[in-house]
Amino acid sequence: ANTALEFGERLPPRDDIPYRRVFEAGATVVTDLFESQRTRRPGVAVLVPVRRDGGVRWALGARLSSDHLSALLRATLARPDALAAIMDSSGRIVARTRAHETFVGQPAPE
């Protein structure tokens, strides 16, 4: 199911590699930054294992947009002028509290 699509609309192809990692590791997987095929907006996916009878039976996933992650960062900061960012495993900026649009997808500075 994909809540971004109209009922009955064909699902876009998905990258099975993160799903396989959930089943192999039996642990939550957070993807690197990617662009949504539907919205063309950057974000990440969080995939969690669903266990039944001692094993992983399903993987439940949600896509988190960079815009929403940036808003969450801004809402949780004690000081509005503070700078915070989220990076993926390749070191690219996923979300940022200031100049978000400029920096998302760029390599994080040293």
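Visitor: As what does Val48 count at its relative accessibility?
Guide: The classes are set by relative accessible area: buried means under 20%, exposed means over 50%, and partly exposed lies in between, with a 1.4 Å probe and protein chains only. Val48 has a relative accessibility of 27%, so this residue counts as partly exposed.

Visitor: What kind of model is this?
Guide: Residues are numbered from 1 along each chain as its sequence is written, and side-chain values use heavy atoms, with hydrogens and water left out. Local features need pLDDT of at least 70, side-chain atom pairs count only at pLDDT 80 or more, and totals for chains, interfaces and linings use all residues, for what you see is a predicted model.

Visitor: Which residue has its C-alpha atom 4.4 Å from that of Val48?
Guide: Val48 is found in strand E3, where strands (E, at least two residues) and helices (H or I, at least four) are DSSP runs numbered from the N terminus. Leaving aside neighbours within four places in sequence, Val48 is in contact (heavy atoms within 4.5 Å) with Val22, Thr28, Trp58, Ala59 and Leu60. One of these residues is 20 places from Val48 along the chain, yet their C-alpha atoms are separated by 4.4 Å, and that residue is Thr28.

Visitor: How many bridges join E3 to strand E4?
Guide: Two strands pair if DSSP finds at least two bridges between them. Strand E1 (residues 29-30) runs antiparallel to E3 (residues 42-52) and is joined to E3 by two bridges, with Val29 standing opposite Leu47. Strand E2 (residues 34-35) is also antiparallel to E3 and has two bridges to E3, one pair being Glu35 and Pro42. Between E3 and E4 (residues 55-65), again antiparallel, the number of bridges is 10.

Visitor: Which residue takes a positive phi in the hairpin of E3 and E4?
Guide: A useful companion is the hairpin of E2 and E3, which has six residues between its strands and, in the turn, Arg40 with a positive phi of about 60 degrees. The hairpin of E3 and E4 has two residues between the strands, and the residue with a positive phi near 55 degrees is Asp53.

Visitor: Which elements give two or more residues to the largest nonpolar core?
Guide: A nonpolar core is a set of buried Ala, Val, Leu, Ile, Met, Phe, Trp, Tyr and Cys residues joined through side-chain atoms within 4.5 Å. The largest one here has eight residues, namely Leu33, Val44, Leu69, Leu73, Ala84, Val94, Ala95 and Val104. Two elements give two or more residues to this core: helix H2 (66-76) and strand E6 (93-96).

Visitor: Why do the buried residues of H2 lie on the same side of the helix?
Guide: In H2, the buried residues are Ser66, Leu69, Ser70 and Leu73, whereas His68, Leu72 and Ala75 are exposed on the other side. The cover over the buried residues includes E3, E4, strand E5 (85-87), E6 and helix H3 (100-103). The arc is that of the directions from the helix axis to the C-beta atoms. The buried residues lie on the same side of H2 because they cover an arc of only 100 degrees.

Visitor: How far from a polar atom of the Ser66 side chain is the backbone oxygen of Val94?
Guide: Ser66 is in helix H2 and counts as buried, with 0% relative accessibility. Leaving aside neighbours within four places in sequence, the contacts of Ser66 include Leu33, Pro42, Gly43 and Val94. The backbone oxygen of Val94 and a polar atom of the Ser66 side chain lie at a distance of 2.6 Å.

Visitor: Which residue meets Asp67 in a salt bridge?
Guide: A salt bridge is a side-chain nitrogen of Lys or Arg within 4 Å of a carboxyl oxygen of Asp or Glu, and the structure holds four of them. Asp67, in helix H2, is linked to a residue 26 places away, in the loop between E2 and E3. Asp67 is partly exposed at 30%, and its partner, with N and O 2.8 Å apart, is Arg41.

Visitor: Is Asp88, which meets Arg92 in a salt bridge, buried or exposed?
Guide: The side chains of Arg92 and Asp88 meet with N and O 3.5 Å apart. Arg92 is partly exposed, with a relative accessible area of 29%. Asp88 has a relative accessible area of 10%, so Asp88 is buried.

Notes:
Polar contact = N/O pair within 3.5 Å; in protein donor to acceptor, adjacent residues only side chain to side chain.
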